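Biologist: I would like to go through this chain with you, one question at a time. Please give the reasoning before each answer.

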Amino acid sequence: VSCALILLKLLYSNIFHGIEIVWVCIVLCGCQFCLIKSVQPDSASPTQGFNHMTPLSRPVYFLLAAGVLLGLNEATKVQWNCHSLYSWRFCSPKSISLGYNIVKTMIMFFPVIFLFGLFP
């Protein structure tokens, strides 16, 4: 239920546009389906048998990434008082935008990431 609610928040915040909306719904369906039926065997599972972490890890990764994406989306709208250390600016708008784009792309590539077992 929490995955569906956070997807609803993502869709209402206009982060995804066009075909990205359909694709992120497919990503969520994959996360929800692994709770119903285990995706074993996959590349993240051990060769000996069933791994109890795999069915729960996909929705957790989706929730964490979507939460970070929502936080970065709100951070792009705020003017920050930035500090610098050795000419490197903390909370610069470019670094926030870069993190936003990385997390958004990572969510879109979750099926490929889970297919190759890059996340347990």
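Modeller: Keep in mind that this is a predicted model. We can begin at a charged residue: Glu74, at 42% relative accessibility, counts as partly exposed.

Biologist: Which residue forms a salt bridge with Glu74?

Modeller: The closest N and O atoms of the pair are 3.8 Å apart, and the cut-off for a salt bridge is 4 Å. The partner is exposed, with a relative accessible area of 57%. The residue bridged to Glu74 is Lys77.

Biologist: How many salt bridges does a search of the whole structure find?

Modeller: Besides the pair Glu74 and Lys77, Glu20 forms a salt bridge with Lys104, with closest N and O atoms 3.4 Å apart. The search of the whole structure gives a total of 2.

Biologist: How many residues apart in sequence are the parts tied together by Glu20 and Lys104?

Modeller: Glu20 lies in helix α2 and Lys104 in helix α4, so the salt bridge ties together two separate parts of the chain. In sequence, these parts are apart by 84 residues.

Biologist: Is Lys104 buried or exposed?

Modeller: The limit for buried is under 20% relative accessible area. Its partner Glu20 has 24% and is therefore partly exposed. Lys104 has 15%, so Lys104 is buried.

Biologist: In what order do the elements of the chain run from the N terminus on?

Modeller: The chain has 5 helices and 2 strands. From the N terminus on, the order is α-α-α-β-β-α-α.

Biologist: Which helix supplies the largest share of the largest nonpolar core?

Modeller: That core has 22 residues, and Leu10, Phe16, Phe62, Leu69, Ile107 and Phe110 have the most contacts inside it. At least two of its residues come from each of α1 (2–12), α2 (19–36), α3 (54–75), α4 (93–108) and α5 (110–115). The largest share is 5 residues, and it comes from α3.

Biologist: Which residues of α1 is Phe62 in contact with, beyond its neighbours within four places in sequence?

Modeller: Outside that window, the contacts of Phe62 include Val24, Val27, Leu28, Cys31, Ile107 and Phe110. Helix α1 spans 2–12. The contacts of Phe62 that fall in that span are Cys3, Ile6, Leu7 and Leu10.

Biologist: Within what arc do the buried residues of α1 fall?

Modeller: The buried residues of α1 are Cys3, Ile6, Leu7 and Leu10. Seen down the helix axis, they line one face of α1, because they fall within an arc of 105°.

Biologist: Which residues are exposed on the other side of α1?

Modeller: The buried side holds Cys3, Ile6, Leu7 and Leu10. On the other side, the exposed residues are Leu5 and Tyr12.

Biologist: Which residue just after α1 takes a positive phi?

Modeller: Helix α1 spans 2–12. Just after it, a phi of about 55° is found at Asn14.

Biologist: What accessible area does the nonpolar patch on the surface have?

Modeller: The patch is formed by Phe109, Val112, Leu115, Phe116 and Leu118. One of these, Val112, is found in helix α5 and counts as partly exposed at 39% relative accessibility. Together, the patch residues have an accessible area of about 550 Å².

Biologist: What share of the accessible surface of the chain belongs to carbon and sulfur atoms?

Modeller: Of the 120 residues, 32% count as buried. The accessible surface of the chain comes to about 7,900 Å², and the share of carbon and sulfur atoms is 70%.

Notes. Residues numbered from 1 in each chain as written. Predicted model: local features only at pLDDT ≥ 70, side-chain atom pairs only at ≥ 80, totals over all residues. Heavy atoms only, no water. Core = buried A, V, L, I, M, F, W, Y, C linked by side-chain atoms within 4.5 Å. Buried < 20%, exposed > 50% of the residue type's maximum accessible area, 1.4 Å probe, protein only. Helix = DSSP H or I, 4+ residues; strand = E, 2+ residues; numbered from the N terminus. Contact = heavy atoms within 4.5 Å. Patch = residues over 30% accessible without salt bridge, like charges linked within 9 Å, V, L, I, M, F, W, Y side chains within 5 Å. Areas by Shrake-Rupley, 256 points an atom, 1.4 Å probe, with all protein chains shown as cover. Salt bridge = Lys/Arg side-chain N within 4 Å of Asp/Glu carboxyl O. Arc of directions from axis to C-beta.
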